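The exercises below invite you to explore a structure step by step, each with a task and a worked solution. Try each task on the display before reading on.

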There are 4 protein chains.
Amino acid sequence: MLHFECDYTQGAHPKVMEMLQKTNMEQTAGYGEDPYCEAAKELICSACGKPDADVHFLVGGTQTNATIIASVLRPYQGVLCAETGHINVHETGAIESKGHKVLPIQSFDGKITGMQIREMCEQHFQDVNHEHMVQPGMVYISFPTENGTIYSKAELEEISIVCQQYGLPLFIDGARLGYGLMADGNDLTLEDITDLCDVFYIGGTKVGTLFGEAVVFPNPDLARDFRYLIKQNGGMLAKGRLLGIQFLALFEDNTYFKIARHADELAMQIKNALKAKGYQFLYDSNTNQQFPILPDVVVQQLEKKYVFSFWQKVGDNHTAVRFCTSWGTKAEEVNQLVMDILR
Amino acid sequence: MLHFECDYTQGAHPKVMEMLQKTNMEQTAGYGEDPYCEAAKELICSACGKPDADVHFLVGGTQTNATIIASVLRPYQGVLCAETGHINVHETGAIESKGHKVLPIQSFDGKITGMQIREMCEQHFQDVNHEHMVQPGMVYISFPTENGTIYSKAELEEISIVCQQYGLPLFIDGARLGYGLMADGNDLTLEDITDLCDVFYIGGTKVGTLFGEAVVFPNPDLARDFRYLIKQNGGMLAKGRLLGIQFLALFEDNTYFKIARHADELAMQIKNALKAKGYQFLYDSNTNQQFPILPDVVVQQLEKKYVFSFWQKVGDNHTAVRFCTSWGTKAEEVNQLVMDILR
Amino acid sequence: MLHFECDYTQGAHPKVMEMLQKTNMEQTAGYGEDPYCEAAKELICSACGKPDADVHFLVGGTQTNATIIASVLRPYQGVLCAETGHINVHETGAIESKGHKVLPIQSFDGKITGMQIREMCEQHFQDVNHEHMVQPGMVYISFPTENGTIYSKAELEEISIVCQQYGLPLFIDGARLGYGLMADGNDLTLEDITDLCDVFYIGGTKVGTLFGEAVVFPNPDLARDFRYLIKQNGGMLAKGRLLGIQFLALFEDNTYFKIARHADELAMQIKNALKAKGYQFLYDSNTNQQFPILPDVVVQQLEKKYVFSFWQKVGDNHTAVRFCTSWGTKAEEVNQLVMDILR
Amino acid sequence: MLHFECDYTQGAHPKVMEMLQKTNMEQTAGYGEDPYCEAAKELICSACGKPDADVHFLVGGTQTNATIIASVLRPYQGVLCAETGHINVHETGAIESKGHKVLPIQSFDGKITGMQIREMCEQHFQDVNHEHMVQPGMVYISFPTENGTIYSKAELEEISIVCQQYGLPLFIDGARLGYGLMADGNDLTLEDITDLCDVFYIGGTKVGTLFGEAVVFPNPDLARDFRYLIKQNGGMLAKGRLLGIQFLALFEDNTYFKIARHADELAMQIKNALKAKGYQFLYDSNTNQQFPILPDVVVQQLEKKYVFSFWQKVGDNHTAVRFCTSWGTKAEEVNQLVMDILR
């Protein structure tokens, strides 16, 4: 079977494994206070064009989201989020377990707009009983979204401006950041991301590392005492250097972006094949996740050779599915899939 | 100005005040372990037809909801609730502050159905990734709802059966229980309520007391250590007898039900006047809350003499508003309102 | 039996009951936004010598402590407190239930010192692993303490200075504030209290009201969005005016202080009698709580006529007990007790 | 410099790295539902002598402790623990952040006794006001303790019996389990541990893996829905197989125990050298942590060549320090240290 069901079926990019192996028996301080973490942070700050940004490494996405949100909000505040947002549906209530309501915003493709945020805030603060309701306290978006879509620079700027007007820190979940930045049609750079939000993370787990997410606070003031929060939330790895080493391996010579581009290109080959056959898509994605709507007979045919994800039923005899590529997907695997699609 | 904006603008029913005054200088044990609380509990158990039910008195509704829900759920579980439910929109995230997600169910009039609960549960437990989502752990409904509507016996039985099938404790918020039980067309008794759910409360604040809600656990097993939870959540009144005395005053000779009926009857006079004029209603309520859709000019006219609540805009020149009666509303006040409506 | 077991065995001071009765059928806005609350807040601000202080009314002590502490701390911070402090031992973990550790400080009589606070802070911040430990985030003291003792002005000033040096808001639990301020030997005024801390409350439950605590933030900045927190924590009474009315009744003509003085004077009569008989005391209190160490035979003798609290065994045949007076204790009751002690 | 400051300065045992490398490009299901996790669980169950135990892999210790404790306790319950226990002092309040108080028990060497647990329970349940206090809900001990000491079989049996009598689940933190089981003088087997507690974990981070802890529930009933809790608490690794692979590598041929024994033997060489010189010890440890009390001049001398941890000042010119060995410590490093001690 060939695997396209998600982007975390394999270990790490060979460069990462190599550096982990090479440094394995060295002895360093724990908890992320080692030279590898320092070096990785410097590379990341430099890639973000923000030398004085504050960078922290955590282990996984759910943990990272919960820790950042708990750090920013006061107890009666909630986080605005697309109703399809990862924190709203796929983290077993991690945000609520820290005491905060997720305030969902209607969304058809995983994206929300500055206008929607503004409406929600105005509705809240103009209500005479606003103290009886959860106060909007920050905004969470993902780039790319859980549906593979990305924000344009203009869209993100609009969101950023509304957030500033209402004093809401803007947090971008970048679990698949690489795949978004390297997508065809994307007009946002890593520097733009850094400029337009208050905190974001560069996902490692889905883009080349064994595990690990690099949280970036462009303005270190917002990161005050963040290490206490990491520790409390179980995200402070004893052998913290493992995180530094992995990000070092990927950021030393832009490997992170190269392998993300590789996945995007393969995904576009799949997309083009599907389009050539006239299939519709649930969402219009240029990133490593593709969501075609296929006749059920085609799904059944493909399932014999490929593993991919069921997404939702569409009408009586169609199904939306998800094909994922990753840094580890091979060109020949995609070639085969493309041929089978076009057959 | 005559007040119809809500059902808690006044103090307590005179019988309640009289008994508070009469017992004021007596000395008793604190924290609800006094003879008045004992006597009130016995009366309530008897009214519920369940001599061995476990009854506890708390101070207010938000506190009561949060305490009951925190008592029932495990950390990764959420509470199913109409999207308009009080716990979902008007308690500043009190449920989330205890770590639990509210799982909203679509509703147009404040009610949900057994079928909706079943669908939500099946969707959850059939999902291969269900551990990544909040598990349905209990069901919250209100009787009457925040929109004045009530469940029929058949509807409540259906909900009760589904809850049992999925092992979900059923909790009925009875902040306005009296107004529901005494409504025209209601076919549920207090004994039915007791039989069909796992925990509910008899609201005092809105039905004759200064404050206070009487929580009833038909099966005491579910109430294990509930007093610890009351204390932890700030609901254990030092002079707990104040709660017992108030419920005693209202349940001694069915005053609770008589004053609720009084409010419902006055509300029906208002409803009938509105219907006679051909106005539509946002929700079909026979309880103490009425939600007519009025031309804006009528609203402006009435606002000169009456206080009532804005609910929502309907089209360009209509507004849905809320008129509330209560145990304390006077017949002559309603007469005047009726005349002004019919004018 | 004559009751000396605690200071909340009775209802409210007659003036309070009278005003509740008189205003009972009036119609006002709910949730504390009524003219009575406004008037009471003004009186309290004036008594505190701080016209622009922010005053809020809550229902009970545990709720008030938990709400204030949750309002001040960030998630990884804890509250410093005497090991005997009410929040550490008698609130069923209400503080922890909001996510915060209580950091206990050794204490023999309920009091702590500025020096102890300083040591705890230095120990924390000098530790290289401080991020692995709960950060001191605020200081909680009670005045008078749970043991009846009070701080001198010099002691409180020292604590206040240390708190400022370490950026720790100082919170004074004044559940029995009146009894402390009116005690023989006290050199602190209500204005001093207001000047020397960041938030405190004037206890009503134990000093003349049916229930209710008046929280004072000398600097309103610290009270930002406090009403959201009150609501979330179940402390926002629907008929909020009940709180305003009660404090109005007690602060209109200094009744609050007069009835507290009354209790203190009666307590001193008991103390003097006990001293005259040569009994030792567990703590040296001039407030309404007295903690004599009595021979067990004396305890048994007194128990026939009086209700009082067991505190702890002292040696083989002595017991420390607690006698409480209150605003409602009668002179003749104390006379009898005194005679029986001296007998 | 030679490193003895802690047991997590290095990566993983070479066998672990080898297996990670070998499996790196394989494609498996995520979240611990892969064949490697299955195989590792089977090996662990077998080593525990409990084929039907429930085993789960988490990433780190703080996370594991918090998740297990949140899983077991109801909201008003606390966890009994030595005052020096890791959860009480070195996890930034992670337990409290889930709403639970840690109930500390006095301890001089990191151990507590069944008698102390019994006293705490009796004191609680006999208090008439027990509902005002946090209820004992479970017991946490560590084996070996944070001070290197271990429980004898008789001691653990006594604790286990008391826990059963009071219905308190017993949880053993085995972050350094291997070092405890292989210590000179230890009379407990892994099977005994499994028999005598309700949940424990086999620490990987400090005993040969890059990271990872294997939680064992001897009785699967207590583990109901534990995967929801892991996910909510951020402990569900996307590439979960990394945990299975690492434990597989260590349990395939008892490597886990061999490398733990290696560390213990080297620690005993250090201990014997220290004893030969007549130094006292803060705690009597036969495990990989040694806590000698050294003259300050000796400390200064050793610091030139060795890294070790400051523990506490003892008198005016002595200091207690900690020397740690680990699976990765080399015999020649210890030889040198021994010679320098004996010099």
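**Exercise 1. Lay out the sheet of chain A: in what order do its strands run, and which are the edge strands?**

Begin with the order, which in the open sheet of 7 strands of chain A is β2-β8-β7-β6-β5-β3-β4, with mixed pairing. Its edge strands are β2 (54-58) and β4 (102-105) of chain A, each of which pairs on one side only. From one strand to the next, the twist averages 25 degrees. Before going further, note that this is a predicted model, in which local features need pLDDT of at least 70 and side-chain atom pairs count only at pLDDT 80 or more, while totals for chains, interfaces and linings use all residues. Residues are numbered from 1 along each chain as its sequence is written, and chains are lettered from A and ligands numbered from 1 in the order in which they are written. As for the terms, helices (H or I, at least four residues) and strands (E, at least two) are DSSP runs numbered from the N terminus, and two strands pair if DSSP finds at least two bridges between them.

**Exercise 2. Follow the pairing of β8(A) and β6(A): in which sense do these strands run beside their partners?**

Start at β2(A), which is joined to β8(A) by 5 bridges and runs antiparallel to it; here L58(A) has E213(A) as its bridge partner. On to β7(A), which is also antiparallel to β8(A), with 4 bridges between them, and in this pair G203(A) stands opposite E213(A). The sense is parallel for β6 (residues 170-173) and β7 (residues 199-203) of chain A, which pair over 2 bridges, and I172(A) is placed opposite F200(A) of β7(A).

**Exercise 3. Find which helices pack on the sheet, and decide whether β8(A) is enclosed or open.**

Take the helices in turn.

- Helix α2 (residues 35-48) of chain A packs on the sheet and touches β2, β7 and β8 (213-217) of chain A, its direction making about 125 degrees with that of β2(A).
- Helix α3(A) also packs on the sheet, touching β2, β3 (77-82), β5 (135-142), β6, β7 and β8 of chain A, and its direction makes about 20 degrees with that of β8(A).

These angles, which run from 0 to 180 degrees, are taken between N-to-C directions, with axes fitted as lines to C-alpha atoms, for helices over the stretch in contact.

Now turn to burial, where a residue is buried if 20 or more other C-beta atoms lie within 10 Å of its own, exposed if 12 or fewer, and partly exposed in between, with C-beta atoms placed from the backbone. Because 5 of the 5 residues of β8(A) are buried, the strand is largely enclosed by the rest of the structure. In general, side chains in a regular strand alternate between the two faces of the sheet. Both faces of β8(A) are covered, with E213(A), V215(A) and F217(A) buried on one side and A214(A) and V216(A) buried on the other.

**Exercise 4. Describe how the two domains of chain A meet.**

The domain assignment, which is automatic or from a database, gives chain A a domain 1 (2-7 + 257-342) and a domain 2 (14-255). Their centres, taken over C-alpha atoms, are separated by 27 Å. To their contact, domain 1 of chain A gives 20 residues and domain 2 of chain A gives 21 residues, where two residues are in contact if their C-beta atoms, placed from the backbone, lie within 7 Å. On the side of domain 1, the elements that give two or more residues are α12 (255-276) and β10 (289-290) of chain A, and α12(A) has the largest share, with 8 residues.

**Exercise 5. How many residues does each chain bring to the contact of chain A with chain D, and how are these two copies related?**

Chain A and chain D bring 40 residues each. In chain A, α1 (14-23), α3 (61-72), α5 (94-97) and α10 (226-232) each supply at least two residues of the side touching chain D, and the largest share, 4 residues, comes from α1(A). For the copies, a turn of 180 degrees with a shift of 0.0 Å along the axis lays chain A on chain D with an RMSD of 0.0 Å, the superposition being by least squares on the C-alpha atoms of residues with pLDDT of at least 70 in both. The same surface serves both copies, as 100% of the contact residues of chain A recur in chain D.
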